[in-house]
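Subject: Structure for your review

Dear colleague,

Please find below the structure that I am handing over to you, together with its sequence. My findings follow directly after it.

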Amino acid sequence: MNASDSSAKTIRQRRSIVIRREDHIGDPVGLVFLDSPETDGDAVMERLGKYLGAKLKVIKAEVSRDEITVEIEARGWKEEGARMAAAARDLHLKGGRRAALSMYLDALDLDPMNADALRGMGLALAEQEKFGDALTTLKKAREFGADTAEMLLTMGKSAARLERKASAIGYYEQVLKIEPRNFVARRALHALRSRDEATSSAHSPAISSKEQ
């Protein structure tokens, strides 16, 4: 079944999502935090609409210093989308990553608000080393309510591979808030910080014996 199947009735859904400033530093969505909702309300709604896509209707948005709470609405097949996302996950676990990606897209076609489909698709993209697409997809999964340690760990890895060190460190630190003993996150943080220290040392001016 897909979204073009007219034999089933769509369901109108409305919910709130949270967009975090830390996830959008330097991109068009990040500019929303610089706009004034009172004077630039149309610009805010336009930016959010472009980011979320045509299938999601932005009803209203509340912008604070670090977060945007957005009320959205969409029509879709929620139960069918959930079943498709579950089937895609099973296929993914069995090693069919490429086919799973297609099924995750079908799940989102059925239900644009499906956080499980977004999370699964992001993880599959990261496994294929498509780190830019993976990070973008996982950010949306997080905004729609998925927020697991596995997902944040993958976001950290993707950000690191894209040379976004500050973001990577932030994601790894959030993993440790959920799982304080997560060895992978600890090791990745140590590597990133050690690299920064080495870079700082390399650029520090040498001190001659006369200056000591």
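Which residue in S3 is the bridge partner of Lys 60? In this predicted model, Lys 60 is paired with Glu 71 of S3. The remaining findings are set out below, beginning with the overall composition.

Overall composition

The protein has 212 residues, of which 40% count as buried. Its secondary structure consists of 8 helices and 3 strands. Read from the N terminus, the elements follow the order β-α-β-β-α-α-α-α-α-α-α. Among the contacts with a separation of 6 or more, 56% are between residues 24 or more positions apart.

The sheet

Strands of a sheet pair through backbone hydrogen bonds, in either a parallel or an antiparallel manner. Here the 3 strands form an open sheet in the order S1-S3-S2, and the pairing is antiparallel. Strand S1 (11-20) and strand S2 (57-63) are located at the edges; each has a single partner strand, so one side of each lacks a neighbour in the sheet. On average, and with direction ignored, neighbouring strands are turned by 15° against each other.

The two pairings may be described in turn. S1 pairs with strand S3 (residues 67-76) in the antiparallel sense, over 10 bridges. Within S3, Val 70 is the residue that stands opposite Ile 17. On the other side of the description, S2 and S3 also run antiparallel and are joined by 6 bridges. The connection from S2 to S3 is a hairpin through 3 residues.

The packing of H4 and H6

Two packed helices are described by the angle between their axes and the distance between the axes. For helix H4 (residues 115-127) and helix H6 (residues 149-161), the axes come within 10 Å and cross at roughly 40°. Angles from 35 up to 65 degrees fall into the oblique class, and H4 and H6 are therefore oblique to each other. The crossing in which H4 passes H6 is left-handed. On the H4 side, the contact is made by Arg 119, Leu 123 and Ala 126, while H6 contributes Glu 150, Met 151, Thr 154 and Ser 158. Sorted by class, the contact of H4 with H6 comprises 3 nonpolar, 2 polar and 2 charged residues.

I would be grateful if you could go through these points with the structure at hand.

With kind regards

Technical notes: Residues are numbered from 1 along each chain as its sequence is written. This is a predicted model: local features need pLDDT of at least 70, side-chain atom pairs count only at pLDDT 80 or more; totals for chains, interfaces and linings use all residues. Side-chain values use heavy atoms; hydrogens and water are left out. Axes are lines fitted to C-alpha atoms, for helices over the stretch in contact, and angles run from 0 to 180 degrees between N-to-C directions. Helices (H or I, at least four residues) and strands (E, at least two) are DSSP runs, numbered from the N terminus. Angles under 35 degrees count as roughly parallel, over 145 as roughly antiparallel, 65 to 115 as roughly perpendicular and the rest as oblique. A crossing is left-handed if the near helix is turned anticlockwise from the far one by less than a right angle, and right-handed if clockwise. Contact means heavy atoms within 4.5 Å. Ala, Val, Leu, Ile, Met, Phe, Trp, Tyr, Cys and Pro count as nonpolar, Asp, Glu, Lys and Arg as charged, and the others, Gly among them, as polar. Two strands pair if DSSP finds at least two bridges between them. Buried means under 20% relative accessible area, exposed over 50%, partly exposed in between (1.4 Å probe, protein chains only).
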